[in-house]
Amino acid sequence: MTGKLDGKVAFITGAARGQGRAHAIAMAAEGADIIAVDICRDIPTNPYPLATPDDLAETERAVKELGRRIVARVADVRERHELRDAVEAGIADLGKIDIVVANAGILPMAMGTPDPLQFVDASDVDLVGVMNTVAVTIPHLPNGSSIIVTGSTAGMIRGTTDNPNMGPGGAGYGWSKRVIIEYVEEMSLHLAPKMIRVNAIHPTNCNTHLLQNDGMYSMFRPDLTEQGKKATREDAEPLFAVFQAMPIPYIEPEDMANLGVFLASDDSRYITGQQIRVDAGSLLKWPNGPGR
């Protein structure tokens with residue numbers, strides 16, 4: 001560990017598990033203190049379980065084990081006042097915020113009758129949640145801070161998450177991730193005079209609960225669903241690999257966290273308004289989307 005983030009404080013949403021936890025641990029390992037936020041309850045339209053209070057406690061334990069301080073708060077990114085309360089609690093304890101990781105996201109794919117609320121919840125978390133996170137932290141950011149937004153390579157590719165089989169929630173996910181691209185570019189211009197940089201990081205399939213769930217397995221193996229069989233992880237993983245140009249089924253959360261540390265550090269001090277993919281070549285392989 002090189003201490004690239006010594007003396008900095010990172011505010012991270014969706015921090016209880018997955019990519020959010022990986023960001024928290026990687027940044028803590030480089031010297032940052034952490035404000036960790038997660039909803040810690042399920043959203044009814046989302047077919048796979050979301051993080052729990054125990055998950056958030058595990059992130060807290062892991063950060064403390066690295067000798068760093070952490071303020072962990074339950075908050076829903078859809079509710080700006082809850083995020084503002086978490087920011088205030090974090091600053092009261094840790095003094096400031098230098099890094100923002102707007103990471104919380106869901107993919108409420110249809111598992112039965114399509115419901116327009118799936119689109120609403122996807123866009124409320126994946127887009128409005130990002131905007132809320134940035135809005136409540138900007139007033140506290142000193143010059144030279146870094147904002148990192150989690151996008152999606154699949155969201156860039158038509159015919160993936162907006163496939164009709166994914167339902168309104170998949171469409172909402174893809175639409176939100178595409179709008180994030182323009183949002184990041186606009187915000188980077190408006191924050192550039194303060195030397196605050198804003199970048200989006202776009203994972204391909206990532207080994208988290210958003211990918212590893214029964215609904216996603218059935219999406220990758222509709223042949224089994226049509227036969228009345230339940231698709232398993234073992235059934236789906238060979239198909240996961242088709243999405244990437246490199247012969248891998250998915251990346252790990254730590255692959256995103258490594259990029260997050262770089263963008264949070266002074267090594268990236270003049271990098272802003274970028275869309276950086278960690279996608280093993282998937283966008284190059286499917287520039288217009290599967291089947292198009």
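User: What makes strand S1 and S4 a pair in this predicted model?

Analyst: The count of bridges does. Two strands pair if there are at least two bridges between them. Strand S1 (residues 9-13) and S4 have 3 bridges, in the parallel sense. One of the contacts along S4 is easy to find: Ile 99 is the bridge partner of Ala 10.

User: How do you know that S4 and S5 pair?

Analyst: The test is again at least two bridges. Strand S4 (residues 99-102) and strand S5 (residues 146-150) are joined by 4 bridges and run parallel. Look at Val 101, whose bridge partner in S5 is Ile 148. Val 100 stands opposite Ile 147 in S5.

User: Why are S1 and S2 called paired?

Analyst: Pairing needs at least two bridges, and 5 bridges join S1 to S2. These two strands run parallel. In S2, Asp 33 is the bridge partner of Val 9.

User: What is the order of the strands in the open sheet?

Analyst: The order is S3-S2-S1-S4-S5-S6-S7. That makes an open sheet of 7 strands with parallel pairing. From one strand to the next, the twist averages 15°.

User: Why do strand S3 and strand S7 stand at the edges?

Analyst: Strand S3 (70-74) and strand S7 (275-278) each have a single partner strand, so one side of each has no neighbour in the sheet.

User: Why is S2 called largely enclosed?

Analyst: Buried means under 20% relative accessible area. In S2, 6 of the 6 residues are buried, so the strand is largely enclosed by the rest of the structure. Both faces are covered. Asp 33, Ile 35 and Val 37 are on one side, and Ile 34, Ala 36 and Asp 38 are on the other.

User: What makes both faces of S4 count as covered?

Analyst: Buried residues lie on each side. One side has Ile 99 and Val 101, and the other has Val 100 and Ala 102. In a regular strand, side chains alternate between the two faces of the sheet.

User: Which strands does helix H2 lie across, and which does helix H6 lie across?

Analyst: Helix H2 (residues 53-65) lies across strand S2 (33-38) and S3. Its direction is at about 175° to S3. Helix H6 (residues 167-191) lies across S5, strand S6 (197-203) and S7, at about 160° to S6.

User: Why are H4 and H6 called roughly parallel?

Analyst: Angles under 35 degrees count as roughly parallel. Helix H4 (residues 116-137) and H6 pack at about 20°, with their axes 7 Å apart. H4 and H6 are therefore roughly parallel to each other. H4 passes H6 in a right-handed crossing. Among the residues that meet are Phe 119, Leu 127 and Val 130 in H4, with Tyr 173, Trp 175 and Ile 180 in H6.

User: Why are H3 and H4 called oblique?

Analyst: Set the angle against the cut-offs. Under 35 degrees is roughly parallel, and 65 to 115 is roughly perpendicular. Helix H3 (residues 80-94) and H4 cross at roughly 40°, and their axes come within 9 Å. That angle fits neither range, so H3 and H4 are oblique to each other. Their crossing is right-handed. In H3, Arg 80, Leu 83, Arg 84 and Val 87 meet residues of H4 that include Met 131 and Val 136.

User: How do you know that Cys 40 is in no disulfide?

Analyst: A disulfide needs two cysteine sulfur atoms within 2.5 Å. The structure holds 0 disulfides. For Cys 40, the nearest cysteine sulfur is that of Cys 206, and it is 19 Å away. For Cys 206, the nearest is that of Cys 40, so Cys 206 is in no disulfide either.

User: Are Cys 40 and Cys 206 buried or exposed?

Analyst: The cut-off for buried is under 20%. Cys 40 has a relative accessible area of 10%, so Cys 40 is buried. Cys 206 has 5%, so Cys 206 is buried too.

User: Why is Glu 234 called exposed?

Analyst: Exposed means over 50% relative accessible area. Glu 234 has 62%, so Glu 234 is exposed. This residue is found in helix H9 (residues 233-240).

User: How far apart are the C-alpha atoms of Glu 234 and Asn 205?

Analyst: They are separated by 15 Å. Along the chain, Glu 234 and Asn 205 are 29 residues apart.

Key. Residues are numbered from 1 along each chain as its sequence is written. This is a predicted model: local features need pLDDT of at least 70, side-chain atom pairs count only at pLDDT 80 or more; totals for chains, interfaces and linings use all residues. Side-chain values use heavy atoms; hydrogens and water are left out. Buried means under 20% relative accessible area, exposed over 50%, partly exposed in between (1.4 Å probe, protein chains only). Axes are lines fitted to C-alpha atoms, for helices over the stretch in contact, and angles run from 0 to 180 degrees between N-to-C directions. Contact means heavy atoms within 4.5 Å. Angles under 35 degrees count as roughly parallel, over 145 as roughly antiparallel, 65 to 115 as roughly perpendicular and the rest as oblique. A crossing is left-handed if the near helix is turned anticlockwise from the far one by less than a right angle, and right-handed if clockwise.
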